[in-house]
Amino acid sequence: MVTMSAIPPTKLVRLVERARHRLALTHLRMVPPYAAMMELIVGAWTSQAITAAVELGIADVLDKGPLRLEELASRVEADPDALRRLLRALIGRGIFRQRRDGRYALNALAKSLRANAPLSAAAMAQMVGSVQHREHWSYLTDAIRTGKAVLPVLHGMEAFDYLVGEPELNEVFNRAMADTTEMAVDYLMAAYSFEDYQTVVDVGGGVGRLLSAILKATPSARGVLYDLPHALAEAPPVLRQHNVADRVELLEGSFFDSVPTGGDVYVLKTILHDWPDDKAVEILHCVRSAAKVGTKVLVIECVIPDHGREFFGHWTDLEMLLMQAGRERTVPEYRSLLERAGFRMTRWVPTASPLSFVEAEAI
């Protein structure tokens with residue numbers, strides 16, 4: 001976990017992002033356009049190589065110490081020559097390293113591929129590199145032509161129903177989402193104070209990792225974790241781990257049907273981006289029906305900035321389009337959604353992560 005003292009100021013992060021953007025453009029301009037484009041195109045191969053390394057468990061095995069090729073290949077059950085070629089390619093990208101004595105070892109990037117890393121990217125690599133996910137992204141052209149999601153067309157069902165029918169992929173997806181929450185939670189808590197709220201309702205909050213952080217930072221508050229039964233099944237151990245189980249009420253239900261009443265603030269983290277505008281407004285209407293006038297709602301999403309630089313949300317926006325016609329949105333777009341549902345946007349709070357808070361109140 002990132003400590004609060006280690007979180008850089010949001011303005012500094014934005015300055016670093018601008019500098020990185022300029023450096024990236026300089027890098028591209030230092031070679032002929034065709035060569036630069038080829039590098040970008042084969043980036044998909046890098047992603048798949050990372051997935052292979054995770055599925056083989058290379059980082060987990062090397063976590064115990066450097067190994068020679070033959071020993072490493074034996075432990076991960078791989079062909080030695082093929083493994084050498086995979087590691088050679090990844091080392092060229094700065095992932096893993098080879099010592100002078102020939103043994104392979106972890107470096108900072110490779111450590112994040114361990115399944116037990118404090119902030120692990122392993123599950124995300126498995127999800128993005130899965131056969132199913134690759135298939136869906138191969139239909140991006142169709143999604144751009146039609147403006148419609150491809151997953152329901154391919155499988156005859158909505159994305160979350162499809163995942164239920166793919167148990168292994170669903171498990172990887174849930175771990176990837178939990179890991180991304182873990183990566184973001186300290187950045188979120190550093191950017192927004194919950195001290196004015198006594199009852200926090202986390203709508204679609206899954207296992208309750210974010211709610212646990214909110215309650216830990218606000219000892220006088222109580223929480224309500226609201227989600228579908230299968231999503232709440234794994235919540236009790238997480239809440240106990242963070243010593244907040246006695247302050248959380250678990251309530252089962254769908255945010256398309258209703259939302260618990262009595263909250264001082266309603267939190268929706270990466271919920272609305274899953275859905276097109278009409279469905280997002282439907283969710284917000286349910287929240288508004290439960291909220292008294294003046295009650296706050298916090299929408300936590302990758303809010304699209306008004307600059308043209310690289311931004312993680314530009315890519316999750318395409319992911320949302322492919323999966324179920326969802327989208328990432330700008331501040332004005334969130335303002336419009338909230339107004340349609342009976343809320344008035346009060347402020348936008350960026351964080352040092354790609355996520356932002358969009359705060360609004362019921363009117």
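Colleague: Let's start with E319: which side chain of opposite charge is nearest, and how far away is it?

Modeller: Happy to begin there, keeping in mind that this is a predicted model. With a buried charge, look for a partner of opposite sign. Here E319 is buried but has no salt bridge, and R134, the nearest side chain of opposite charge, sits 9.8 Å away.

Colleague: Then what is E319 in contact with, beyond its neighbours within four places in sequence?

Modeller: The contacts are M127, H133 and W137. E319 itself belongs to helix α18, which covers residues 312–324.

Colleague: Moving to the nonpolar interior, which residues touch the most other members of the largest core?

Modeller: For a core, start with its best-connected members. The largest nonpolar core has 33 residues, and F255, V259, Y266, L338 and F343 touch the most other members. Among the elements giving it two or more residues are β3 (199–203), β8 (343–350) and α19 (331–340). Helix α17 contributes the most, with seven residues.

Colleague: And what does L338 touch, leaving out residues up to four places away in sequence?

Modeller: L338 touches L284, V297, V299, F343, M345, V358 and A360. There is also a second, separate core of 30 residues, with L188, Y192, L225 and V265 included.

Colleague: Now the surface: which residues form a nonpolar patch there?

Modeller: Y34, M37, M38, L40 and I41 do, with about 560 Å² of accessible area together.

Colleague: Why does M37 count as partly exposed?

Modeller: Because its relative accessibility is 44%, and the partly exposed class runs between 20% and 50%. M37 lies in helix α2, residues 33–41.

How values were computed. Residues numbered from 1 in each chain as written. Predicted model: local features only at pLDDT ≥ 70, side-chain atom pairs only at ≥ 80, totals over all residues. Heavy atoms only, no water. Core = buried A, V, L, I, M, F, W, Y, C linked by side-chain atoms within 4.5 Å. Buried < 20%, exposed > 50% of the residue type's maximum accessible area, 1.4 Å probe, protein only. Helix = DSSP H or I, 4+ residues; strand = E, 2+ residues; numbered from the N terminus. Contact = heavy atoms within 4.5 Å. Lys, Arg positive; Asp, Glu negative; His and termini not counted. Salt bridge = Lys/Arg side-chain N within 4 Å of Asp/Glu carboxyl O. Patch = residues over 30% accessible without salt bridge, like charges linked within 9 Å, V, L, I, M, F, W, Y side chains within 5 Å. Areas by Shrake-Rupley, 256 points an atom, 1.4 Å probe, with all protein chains shown as cover.
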